[in-house]
Amino acid sequence: MQVLFESRDPEAMVMRDLAEKRVRFSMRRLRWLVPRAKVQLSDVNGPRGGVDKRCQIELKTEGGGTVVITAMPRDWRTALDNALARAARFLMRLWRRSHDARRLRQRHAAAQHQRHRAVAADARVFHDLQRALAAHRAAQPVGRVGQAVF
């Protein structure tokens, strides 16, 4: 997994190694789904302080497009951890949806195949009954016109 880090804030640059390690750790089970992650740390208010540390994580997913998650708590570490937790939850939901949809399609195809087999079996039984009825009629004696055959 390729992890890119961007920040203009000198305090956030200290978080570079930690951010890479945390991203790799958080996405370790989803590495096959996320080939590239980009982490951006910024201080929204500058030196004024307050709840202004922003962590934005952009994940390029295989077949799912780009996922962007943002968190804005008081400190860098919390911002990074919150954004990574949300990203992992979102990716798992995304994977489950696609996995469940695939499973439903497989179940539907299996049920359709089973219905097709049942219809074919019913057609064979119907054909056999028609043949038996025709043989039975052919075996019955034919009476003269107006005469009933019992």
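The following exercises, with worked solutions, concern the strands, helices and selected side chains of a predicted model.

Residues are numbered from 1 along each chain as its sequence is written. In this predicted model, local features need pLDDT of at least 70, side-chain atom pairs count only at pLDDT 80 or more, totals for chains, interfaces and linings use all residues, and side-chain values use heavy atoms, with hydrogens and water left out.

**Exercise 1. Determine the strand order of the sheet and its edge strands.**

Solution. Strands (E, at least two residues) and helices (H or I, at least four) are DSSP runs, numbered from the N terminus. Two strands pair if DSSP finds at least two bridges between them.
- Step 1: 6 bridges join β1 (residues 2-7) to β2 in parallel, and Val3 has Ala37 of β2 as its bridge partner.
- Step 2: β2 and β3 (residues 53-61) run antiparallel and are joined by 8 bridges; here Val39 stands opposite Ile57 of β3.
- Step 3: The 4 strands therefore form an open sheet of mixed pairing, ordered β1-β2-β3-β4.
- Step 4: β1 and β4 (65-71) are the edge strands, each pairing on one side only. From one strand to the next, the twist averages 15°.

**Exercise 2. State how far β2 is covered and which helix lies across β1 and β2.**

Solution. Buried means under 20% relative accessible area, exposed over 50%, and partly exposed in between (1.4 Å probe, protein chains only).
- Step 1: In β2 (residues 36-43), 6 of the 8 residues are buried, and the strand is mostly covered.
- Step 2: Helix α2 (residues 16-26) lies across β1 and β2, at about 145° to β1. Axes are lines fitted to C-alpha atoms, for helices over the stretch in contact, with angles from 0 to 180 degrees between N-to-C directions; contact means heavy atoms within 4.5 Å.

**Exercise 3. Classify the exposure of Trp95 and locate this residue.**

Solution.
- Step 1: Trp95 belongs to helix α3 (residues 76-139).
- Step 2: Trp95 is partly exposed because its relative accessible area is 30%.
- Step 3: The C-alpha atoms of Trp95 and Leu33 are separated by 8.7 Å, although these residues are 62 apart along the chain.
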